[in-house]
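Good morning, and thank you for making time for this presentation. I would ask you to keep the structure in view while I speak.

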There are 2 protein chains.
Amino acid sequence: MEYLRVSEAQRVVLESVALLNAESAGLEQSLGRVLAEDIRANRDLPPYDVSAMDGYAVRSADLVQVPVTLEVIEDIKAGDMPSKIVQPGQCARIMTGAPLPQGADAVMRVEDTQEISTQLIQVVTTIKDGHDVRPQGENMRNGDVVLSTGTEITPGVIGILATVKITQMQVYRRPRVAILSTGNELEAINAPVDMNKIPDSNTYALMAQVQALGITPALLGIARDDPLELEHYLKLGLEYDVLLVSGGTSVGVHDYVRPTVEKLGVAMKFWRVAMKPGHPLAFGTTGKTAVFGLPGNPVSSMVCFEEFVAPALRRMMGHPRLFRRTVSARLAHPLKMRPGRTEFVRVQLTHDDTGYVASSTGTQSSGVLLSMARADGLLVMPSDSTGLAAGAQVTVQLLDGTAYQNETNIRE
Amino acid sequence: MEYLRVSEAQRVVLESVALLNAESAGLEQSLGRVLAEDIRANRDLPPYDVSAMDGYAVRSADLVQVPVTLEVIEDIKAGDMPSKIVQPGQCARIMTGAPLPQGADAVMRVEDTQEISTQLIQVVTTIKDGHDVRPQGENMRNGDVVLSTGTEITPGVIGILATVKITQMQVYRRPRVAILSTGNELEAINAPVDMNKIPDSNTYALMAQVQALGITPALLGIARDDPLELEHYLKLGLEYDVLLVSGGTSVGVHDYVRPTVEKLGVAMKFWRVAMKPGHPLAFGTTGKTAVFGLPGNPVSSMVCFEEFVAPALRRMMGHPRLFRRTVSARLAHPLKMRPGRTEFVRVQLTHDDTGYVASSTGTQSSGVLLSMARADGLLVMPSDSTGLAAGAQVTVQLLDGTAYQNETNIRE
């Protein structure tokens with residue numbers, strides 16, 4: 001059977017999963033979800049012309065010739081309504097956000113005036129109509145769609161939702177995800193240490209990758225290499241929207257799992273992808289459940305999750321952005337490569353005057369999970385590459401833990 | 001009073017907050033926390049030399065002259081222990097991860113052999129000692145520190161924790177954070193619409209920014225402009241590790257809040273920072289509680305949170321990375337600027353052949369929260385800049401929602 005390219009395999013996966021239905025979420029539980037309805041403004045904001053500054057509401061026509069002395073007729077605080085009309089030669093003391101009184105058409109900053117008495121100010125600069133005034137409806141107009149279906153709910157979006165007083169909204173449901181490890185060689189986390197066994201790390205690394213997307217997965221545990229036990233666990237897993245099966249070994253497990261999953265109605269879409277690490281990766285679907293057969297090697301399993309499972313889960317939740325953010329970096333050292341497969345090299349990122357610098361985390365053996373724990377990103381080596389020299393520009397996918405950095409790296 | 005530079009104000013804030021004490025967390029609730037203890041390996045991994053491939057465990061000395069025919073003496077699966085010693089002229093069928101039998105020193109891939117019968121294979125290539133063998137302790141050695149205090153718990157780290165069978169660990173406590181809005185002009189989210197009031201969005205935008213750091217804040221509500229009410233709410237807030245007070249208007253609220261917070265024992269460290277948006281920003285501490293006085297304008301409040309509050313909260317939780325990740329981008333259009341203050345311009349990021357392209361989200365008025373909701377990042381304009389031409393290279397701090405992107409942007 002042919003090896004699929006990474007992008008072909010991604011396309012197959014993404015075409016096989018559907019946007020889930022909507023459900024209701026409260027504002028305080030909505031961060032990171034995706035809106036499944038349009039949100040409209042419930043009023044004009046600001047509701048009228050308001051001051052953008054602390055200062056004086058003035059008639060710009062009064063200031064054509066300066067200096068000029070103006071009479072202060074009242075104090076308008078935010079939350080107050082003006083009670084007087086500003087006539088020629090008059091002004092009103094006004095706070096940021098307070099409504100502009102009738103007659104006034106501009107705001108003079110307090111710094112640009114001189115107080116002669118509590119009732120009199122002198123103005124020495126001229127300003128135009130509308131200066132430092134936030135016009136009615138500048139932020140939003142009553143009835144307008146301010147947030148559309150498909151918007152990811154970030155803190156800024158939550159600010160808008162609170163502004164239009166939405167406490168409950170429709171969001172796309174999160175997929176129910178089950179995680180199953182397979183193999184006689186695996187030792188459960190609560191089992192005593194057995195030197196002849198391998199601790200089951202995949203269940204928990206995958207759990208955390210799923211949690212990082214805002215989903216709490218069900219951990220089904222470890223299925224031993226027994227057809228009936230495997231069938232029992234796989235049946236359990238097929239009750240979920242997504243089933244992640246991580247296998248102990250390559251040819252062995254596939255020979256073993258394949259007939260069982262097919263017997264249970266899973267139509268397999270692919271079995272091989274031309275990537276490293278990432279062998280063997282399989283994908284199929286029952287129509288109801290998307291089934292990923294992930295490698296038993298912990299690094300391979302995590303990389304396959306990043307490249308295929310995360311985009312699928314994000315699509316199901318309605319996220320427009322499916323793929324890990326990439327940055328361009330300079331390679332710190334040469335990298336050898338055997339062409340034929342897209343290679344994902346675990347790298348650490350540092351920063352110098354020229355931008356990002358990527359260095360390998362060390363051994364790239366797919367058995368060495370520490371390399372993944374230490375990685376800031378995955379450097380993507382194209383499949384036709386035979387290697388890169390030190391200093392080459394490379395593309396790096398950012399991993400978890402890289403939303404923040406050590407230094408500000410800004411010039412202030 | 002002098003205006004502090006952004007970096008000076010950040011330094012003052014970070015020097016005023018301390019790492020919190022440790023607490024116990026379960027593995028399944030530990031993602032995103034920071035380890036407050038060193039974690040050691042509880043065995044060698046692999047516990048002995050194991051095969052890195054499906055193939056045949058061979059004696060490399062047998063393969064000096066090829067082709068050669070070898071007798072297959074047993075099948076070793078992952079989880080099995082070898083029962084025989086491989087003698088000259090012999091080999092054992094071996095699965096990935098299975099222990100290398102005594103006598104053998106290398107693994108020949110199944111693809112590089114030819115099966116003559118179930119008991120006999122022919123090998124046509126020569127390999128060296130150690131080929132496709134993962135040596136004992138390659139991943140970790142019993143007793144070695146595999147994760148140090150101060151490590152952020154990412155999915156890869158959770159894989160390591162599961163590997164060494166840690167189900168409960170010490171992590172730094174999360175700060176208890178209270179959020180208070182102030183001002184008569186504010187309308188609570190559950191209050192009826194009053195055209196003369198401004199909906200309180202800051203409480204919820206700040207809530208979401210705090211939630212994005214893994215902390216569930218306490219929402220104290222809205223304190224009206226009354227000294228006794230304000231004192232009551234501030235006293236409540238000073239029971240927390242961090243108190244965020246967002247004020248309605250600039251000079252007014254500060255005049256109002258300042259005597260009350262000082263009366264309650266808050267030593268103010270600064271009142272002014274040379275940034276835009278971000279006026280007025282204040283910071284003080286009681287020793288027990290760090291108090292941030294944030295601007296009433298929703299965008300200003302969010303930007304101040306990003307630049308000052310988030311780094312402080314992350315330091316308290318033990319994160320080594322305190323500041324938002326930055327990327328370099330090309331400016332899509334000219335930007336004007338009045339020098340004197342560091343300016344944070346809300347931008348959207350796209351990607352072309354040359355890398356990131358930054359474009360303003362539109363109006364940069366600090367009252368327009370939609371600009372923040374639409375922003376992918378904050379473009380940082382140095383305080384000595386008088387503007388930038390289209391095409392200029394700029395630094396952009398990535399905001400929430402930017403951990404993923406629309407396209408893979410990789411060459412595979």
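**Helix packing between and within the chains**

I begin with handedness: the crossing of α2(A) and α3(B) is right-handed, a crossing being right-handed if the near helix is turned clockwise from the far one by less than a right angle, and left-handed if anticlockwise. Helices here are DSSP runs (H or I, at least four residues), strands are runs of E of at least two residues, and both are numbered from the N terminus.

Before going further, I should say that this is a predicted model, in which local features need pLDDT of at least 70, side-chain atom pairs count only at pLDDT 80 or more, and totals for chains, interfaces and linings use all residues. Residues are numbered from 1 along each chain as its sequence is written, chains are lettered from A and ligands numbered from 1 in the order in which they are written, and side-chain values use heavy atoms, with hydrogens and water left out.

As to confidence, pLDDT is the predictor's own score for each residue, from 0 to 100. Chain A has a mean pLDDT of 92, with 97% of its residues at 70 or more. The ipTM of the model is 0.91 and its pTM is 0.92.

Let me return to the first helix pair. Helix α2 of chain A covers residues 155–163, helix α3 of chain B covers residues 202–211, and their axes are 7 Å apart at an angle of about 155°. Axes are lines fitted to C-alpha atoms, for helices over the stretch in contact, and angles run from 0 to 180 degrees between N-to-C directions. α2(A) and α3(B) are therefore roughly antiparallel; that term applies over 145 degrees, roughly parallel under 35, roughly perpendicular from 65 to 115, and oblique to the rest.

Which residues make this contact? From α2(A) come P155(A), I158(A), G159(A) and A162(A), and from α3(B) come Y204(B), A205(B), M207(B), A208(B) and Q209(B). Contact means heavy atoms within 4.5 Å. By class, seven of the residues in this contact are nonpolar, two are polar and none is charged. Ala, Val, Leu, Ile, Met, Phe, Trp, Tyr, Cys and Pro count as nonpolar, Asp, Glu, Lys and Arg as charged, and the others, Gly among them, as polar.

How are the two chains related? A turn of 180° with a shift of 0.0 Å along the axis lays chain A on chain B with an RMSD of 0.1 Å, which is the relation of a two-fold axis. The same surface serves both copies, since 100% of the contact residues of chain A recur in chain B. Copies are superposed by least squares on the C-alpha atoms of residues with pLDDT of at least 70 in both.

Within chain B, helix α1 (residues 6–16) and helix α6 (residues 298–316) have axes that come within 9 Å and cross at roughly 30°. α1(B) and α6(B) are therefore roughly parallel, and their crossing is right-handed. Among the residues that meet are V13(B) and L14(B) of α1(B) and F308(B) and R315(B) of α6(B). This contact has seven nonpolar, one polar and two charged residues.

I close with the backbone of chain A. The peptide bond from L45(A) to P46(A) is cis, with omega near -10°, and P46(A) sits in the loop between β2 (39–40) and β3 (50–51). The bond from V66(A) to P67(A) is also cis, with omega near -5°; P67(A) belongs to the loop between β4 (55–58) and β5 (68–76). Finally, K165(A), in the loop between α2 and β12 (168–172), has a positive phi near 60° although this residue is not glycine.
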